[in-house]
Amino acid sequence: MSDLKLAVENIVRSVAILKTPDINSTKTLKELGVDSLELMNIFLVIAEKYAVDIPDEEIDQLDTIDKIVDYLTPRLGKS
Amino acid sequence: MISIQAIASYVPSTRENNLAKCEKFEMEPDFILEKIGVEFASRAAPDELASNMSLAAFAELQKKVSIDPAQIDCIVVCTQNPDNGGLPHVSAKVHGGIKGEDQCACFDIGLGCSGYVYSLSVVRAFMEANGLKQGLLFTADPYSKIVDPDDRNTSLLFGDAATVTLLSDKGAWLPELFAFGTRGGGGQYIQKKDGVLEMNGRAVFNFSATVVPAQIKGLMERHNLAMEDIDLFFLHQGSRYIVDNLKERLDIPGERVPANLLDQGNTVSSSIPLMLQDYLHQTGYRRFLLAGFGVGLSWASCILNRVG
């Protein structure tokens, strides 16, 4: 697992109360048990940690951890 | 010095039960109670406006403190929903209602959730600059009159209430060490459009979670105050989630952050004084921190030091 993916998973774990401790990165965050307010907080923490501004209109598409990682990767210069 | 002598309040008896709206808004009861934090939202009656809600709060104040309306030197009302669009200003209507004297100064302050803290600074400075001895600061902002009952972002959150703070040269709590903030470029995130309140929840959450801790930490650092020096933190009751988030970001133990969201909702500029009134006369407290934040976008913090 990449460092970035691990970091995003840890952010999700620290912010949200999940349905199970095991995170499936292909499941939607909602399926994992993340509610709408926790979602806001997750993206705020990500934005603060990586200094990346994620517009509202793009957040709806970033509904899994894998999609978040794929979104961040080119913006952070990581592969 | 002009300081807080007493606070009283009026909360309408009508409540909307948020749990009855779970199905309508496709929300779980736990989310409403634990995250939004409002089980019952208070609702002013159609004929309850900022002015008569203020007068109801004043009637409660008269039960606590002996006040001669003829001795009131100024009346200030903080509201963004004034009667009749603010003509005449609400404070003038309140003046008429309490039968104040001609020499009393009256004006309104058009601020929302940051309004109580801003208003404490304005009224204290106004009174001291002009040698005034007794003043009444009202917060009365019936947001329910502009909330869309079908808007899940706002209708479960906001409640109606009014408070009155008696500021005098005989008070016990001195508001000082103020810090202010404005981000007008974010004004569209909480606004009234076509007579209806609109709120971008994510933008407001992001704003609140970042600027408020920064301001509080900056204020405390400038005045050499540590977290342990503050007995209680009165944070504007935006939602339970934002208050919990602020507690976490500031590392404040929960027992030092009063809350009163559950039974009336976010009462805008009334949220802080509604809580504060219960602590003013308790022994053992020496210093409070107040922080209001919201529409504008606007935010302000201050210290209340016990001086009497």
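## Contacts, a covered strand and salt bridges in a two-chain model

Chain A and chain B share 8 residue pairs in polar contact, counting pairs where both residues are at pLDDT 80 or more. The model is predicted. On the chain A side, two elements give two or more residues each to the surface that touches chain B: helix H3 (36-50) and helix H4 (56-59) of chain A. H3(A) gives the most, with 9 residues. By type, the residues on this side of chain A divide into 9 nonpolar, 2 polar and 4 charged.

**The interface**

The contact draws 15 residues from chain A and 13 residues from chain B. The size of an interface is often given as the accessible area lost when the parts come together. Here the two chains bury about 1,100 Å² between them. Carbon and sulfur atoms account for 52% of that area. Which three residues supply the most of the area that chain A buries against chain B? They are A:Leu37, A:Met40 and A:Leu44, with 46% of it.

Charge also plays across the boundary. The rule finds 4 salt bridges between chain A and chain B. In one of them, A:Glu38 pairs with B:Lys35, and the closest N and O atoms are 3.0 Å apart. Another salt bridge links A:Asp56 and B:Arg202, with the closest N and O atoms 2.6 Å apart. A:Asp56 lies in helix H4 of chain A and B:Arg202 in helix H6 of chain B, so this pair joins two chains. The two partners can be set side by side. A:Asp56 is partly exposed, with a relative accessible area of 36%. B:Arg202 is buried, at 12%.

**Salt bridges over the whole model**

Side chains of opposite charge can pair when their charged atoms come close. Over all chains, the count comes to 18 salt bridges. The table lists some of them, with the N to O distance.

| Partner 1 | Partner 2 | N to O distance |
|---|---|---|
| A:Glu38 | B:Lys35 | 3.0 Å |
| A:Asp56 | B:Arg202 | 2.6 Å |
| A:Asp63 | A:Lys67 | 3.0 Å |
| B:Glu16 | B:Arg43 | 3.4 Å |

Within chain A, both members of the A:Asp63 and A:Lys67 bridge are partly exposed: A:Asp63 at 26% relative accessibility and A:Lys67 at 39%.

Within chain B, B:Glu16 and B:Arg43 meet at 3.4 Å. B:Glu16 lies in strand E2 (residues 15-17), while B:Arg43 sits in the loop between strand E3 (40-42) and helix H3 (50-64) of chain B, so the pair ties together parts that are 27 residues apart in sequence. B:Glu16 is partly exposed, with a relative accessible area of 30%. B:Arg43 is buried, at 10%. Shared partners also build a network in chain B: salt bridges join B:Glu34, B:Arg240, B:Asp244 and B:Lys247 into one.

**A covered strand and its neighbours**

Strand E4 (residues 74-78) of chain B is mostly covered, with 5 of its 5 residues buried. In a regular strand the side chains alternate between the two faces of the sheet. In E4(B), B:Cys74, B:Val76 and B:Cys78 point one way, B:Ile75 and B:Val77 point the other way, and all are buried.

How does E4(B) pair with strand E5 (residues 105-109) of chain B, in the parallel or the antiparallel sense? The sense is parallel, over 5 bridges. In E5(B), B:Phe107 is the bridge partner of B:Val76.

B:Ser91 touches both strands. This serine lies in helix H4 (residues 90-98) of chain B. Its relative accessible area is 0%, so B:Ser91 is buried. Its contacts beyond four places in sequence are B:Ile75, B:Val76, B:Val77, B:Cys106, B:Phe107 and B:Asp108. The side chain of B:Ser91 also reaches the backbone nitrogen of B:Phe107 at 3.1 Å.

**Unusual backbone geometry**

Most residues other than glycine have a negative phi, and most peptide bonds are trans. Chain B holds some exceptions.

The peptide bond from B:Leu87 to B:Pro88 is cis, with omega near 0°. B:Pro88 is found in the loop between E4 and H4 of chain B. The bond from B:Gly296 to B:Leu297 is also cis, with omega near 5°. B:Leu297 is in the loop between strand E12 (287-294) and strand E13 (298-306) of chain B.

B:Lys99 has a positive phi of about 60°. This lysine is in the loop between H4 and E5 of chain B, and at 66% relative accessibility B:Lys99 counts as exposed. B:Asn224 has a positive phi too, near 50°. B:Asn224 is in the loop between helix H6 (201-222) and strand E11 (232-235) of chain B. B:Asn224 is exposed, with a relative accessible area of 70%.

Key
Residues are numbered from 1 along each chain as its sequence is written. Chains are lettered from A and ligands numbered from 1 in the order in which they are written. Side-chain values use heavy atoms; hydrogens and water are left out. Contact means heavy atoms within 4.5 Å. Buried area is the accessible area (1.4 Å probe) that two parts lose on being put together, summed over both. A salt bridge is a side-chain nitrogen of Lys or Arg within 4 Å of a carboxyl oxygen of Asp or Glu. A polar contact is a pair of N or O atoms within 3.5 Å; within protein, one must be able to donate a hydrogen and the other to accept it, and residues adjacent in sequence count only if both atoms are side-chain atoms. Helices (H or I, at least four residues) and strands (E, at least two) are DSSP runs, numbered from the N terminus. Ala, Val, Leu, Ile, Met, Phe, Trp, Tyr, Cys and Pro count as nonpolar, Asp, Glu, Lys and Arg as charged, and the others, Gly among them, as polar. Buried means under 20% relative accessible area, exposed over 50%, partly exposed in between (1.4 Å probe, protein chains only). Two strands pair if DSSP finds at least two bridges between them.
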